[in-house]
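Here is a short note to read alongside the model. Keep the structure open while you go through the points.

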Amino acid sequence: MENQRAETDAHQAAPYLKITHLSKMFGDFSALQDISLTVQDGEFVCFLGPSGCGKTTLLRAVAGLDIQTAGTIEQSGQDISALPPSERDFGIVFQSYALFPNLTVAKNIAYGLENRKMARAAVADRVRELVELVGLEGQEVKYPAQLSGGQQQRVALARALAPSPGLLLLDEPLSALDAKVRTHLRHEVKDLQRQLGVTTIMVTHDQEEALTMADRIVVMNHGVIEQVGTPEQIYREPASAFVADFVGTMNFLAGEIVATDRVRVGSVVLDCPPLANAVPGQAVTVAVRPEDVTVRLNGAGGNQIDMQIESMEFLGSFFRAALSHDDLGGDGITADLSVNAVHDLAIDASRALRIALPADRLRVFTS
């Protein structure tokens, strides 16, 4: 019984998708460098990064559209590294949707099912089910050109889901939509993924999209993985200055190590989280989020600095203030202040302001 339970637990813990030491070369250009990654069954993972970082190449390698130069890909325990796309278990939605313009909504959704020689009645039932699932009732006989961008995206999603794939691949599926529709469809796609429980990988360069939709985010840069983690981990505990800069807004201050838990920025010494292998005098970059900069009305607490407000920008729910002080060695700080705090404390441009940089909110990067 215990052996059976152990085997069951091991099976449940096995990743649905396993990428091992994957590399991809285009001539002399290395698009992917020794990528290893696992994705669990039912997980929603986002590949996030700037243009040219390799995220779409990695997605296409998983789909078999660009076969890797080296490394292996396993799906549900099967090595699919050399399989053509037609023999892999996935559905895909492209950035352009790639709908057939001469086919109706119903025919677009049914296309893959008909190619599989599914019975006509079964195809009709599945199309009806998917049309309802993605909220396209009444649109079945329309052609893509008669639909809005959001409706076309839903058709593409329904078509990808029609064969009930084990893996759903989304290549920047919302990037062609306007901001309001994109925000709405984010929640719809995520809710649909949760409802179906389909393992999903989405490529995006939009950090907000990744933070709101993903169970885990894979941040990529120059063909390598910089960090893998939950949205909160990526945002709160960036593993590198690149991740800190790419995800959210970040202040960066040039400094040096004073002790294992202290750094100097300009002439100001700041407490910070304990640093591994700290070498006094070593150059570092100190990072802090604008929303973590706090206003101090009394002398309590550490890491306090008297700053000068250079400018303030109203951004609706908060003010973004540009602060400066000669003691920081020429580096300025951006602080996000709530509207209530600005009004209650009569904070405005050109006045002095005492702030604190909470030690537990500082990130220190040595390279």
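1. At the start of H6, a side-chain oxygen of aspartate 178 comes within 3.2 Å of the backbone nitrogen of lysine 180. A polar contact is a pair of N or O atoms within 3.5 Å; within protein, one must be able to donate a hydrogen and the other to accept it, and residues adjacent in sequence count only if both atoms are side-chain atoms.

2. The model is predicted: local features need pLDDT of at least 70, side-chain atom pairs count only at pLDDT 80 or more, and totals for chains, interfaces and linings use all residues. Residues are numbered from 1 along each chain as its sequence is written, and side-chain values use heavy atoms, with hydrogens and water left out.

3. Helices (H or I, at least four residues) and strands (E, at least two) are DSSP runs, numbered from the N terminus. H6 has 18 residues, so at 1.5 Å a residue it should span 26 Å. Its end C-alpha atoms are 26 Å apart, which agrees. The expected span is 1.5 Å times one less than the number of residues. Glycine 197 follows H6, and its phi is positive, near 70°.

4. Which residues of H6 are buried (under 20% relative accessible area, 1.4 Å probe, protein chains only)? They are Arg182, Leu185, Arg186, Val189, Lys190, Leu192 and Gln193. An α-helix has 3.6 residues a turn, so residues three or four places apart point the same way.

5. The buried residues of H6 pack (heavy atoms within 4.5 Å) against several elements. Among them are strand E3 (44–48), helix H4 (120–133) and helix H5 (149–161).

Notes
Buried means under 20% relative accessible area, exposed over 50%, partly exposed in between (1.4 Å probe, protein chains only).
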